[in-house]
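Trainee: Before we discuss this model, could you put the sequence and the structure in front of us?

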Amino acid sequence: MHVYIDSDFGPMFDFGLTAAIAFLWLVCSSAWAKGLQNVKDATGTAGITSTLALCKESDVACEVTDFANMRTLNVSVVFGYLNLIVWAGNAWFVYKETRWHSQKYTAQQGAGARRGQQVPAAI
C-alpha cells in the first residue's frame, strides 16, 4: 500500500503493465483463433483437394468424411477472449487508482464549486 500512497509511480506502472498484458491477450487470442481457423480450412475437403497432387487428377475424387473433434480447441479460443475481458476489467480498476482518474474527478469537483454548487467534502 505504501507504494500506492507515497508516489504516483506504482499505480502508473501497474496500469501500464496491466494494459500491456490485456493487449497481449487480445493479440494472442486473435492469433490462436486465426491459426485454428487455418487448421480447420487445411484439413477440410477444399484444403486437402488443393494441397494433394493426387486429388488434382481428373479420375480421383478426394473428400474428407471423418472430421476431428475441435470442440476443445474452440473452447480454448473462447477462454482466451474471456481472459482478455478479465484483464481489461483489471486495467479499469487499476486506472481508477492512477492520477489520471483522480485529476478528472478533482477537476469536475472544482468546476462544480465555481458554478455555485455544493461539493461534498472528501472523507
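**Annotated spans and helix packing**

Mentor: The unreviewed UniProt entry lists residues 12-33 and 75-95 under "transmembrane region", and the model we are reading alongside that record is a predicted one.

Trainee: What is the helix content of residues 75-95, and how far apart are the end C-alpha atoms?

Mentor: Residues 75-95 form one of the spans listed by the unreviewed UniProt entry as "transmembrane region". In the predicted model this stretch has 0% strand and is 100% helix, with its end C-alpha atoms 30 Å apart.

Trainee: For residues 12-33, what distance separates the end C-alpha atoms?

Mentor: The record lists this span, too, as "transmembrane region". The chain here is 100% helix and 0% strand, and the separation of the end C-alpha atoms is 31 Å.

Trainee: Are α2 and α4 roughly parallel or roughly antiparallel to each other?

Mentor: The axes of helix α2, residues 9-42, and helix α4, residues 71-95, come within 9 Å and cross at roughly 165°. Angles over 145 degrees count as roughly antiparallel. The crossing of the two helices α2 and α4 is left-handed, and the residues of their contact comprise 19 nonpolar, eight polar and two charged. From the crossing angle it therefore follows that α2 and α4 are roughly antiparallel.

Trainee: Is Gln-37 buried, partly exposed or exposed?

Mentor: Gln-37 belongs to helix α2, and its C-alpha atom is separated by 9.6 Å from that of Asn-74, although the two residues are 37 apart along the chain. Buried would require a relative accessible area under 20% and exposed one over 50%. Because the relative accessible area of Gln-37 is 37%, this residue is partly exposed.

How values were computed
Residues numbered from 1 in each chain as written. Predicted model: local features only at pLDDT ≥ 70, side-chain atom pairs only at ≥ 80, totals over all residues. Heavy atoms only, no water. Axes fitted to C-alpha atoms, helices over the stretch in contact; angles between N-to-C directions. Helix = DSSP H or I, 4+ residues; strand = E, 2+ residues; numbered from the N terminus. Parallel < 35°, antiparallel > 145°, perpendicular 65-115°, else oblique. Left-handed = near helix turned anticlockwise from the far one by under 90°. Nonpolar A, V, L, I, M, F, W, Y, C, P; charged D, E, K, R; others polar. Buried < 20%, exposed > 50% of the residue type's maximum accessible area, 1.4 Å probe, protein only. UniProt positions renumbered as here; feature names shortened; annotations may be inferred.
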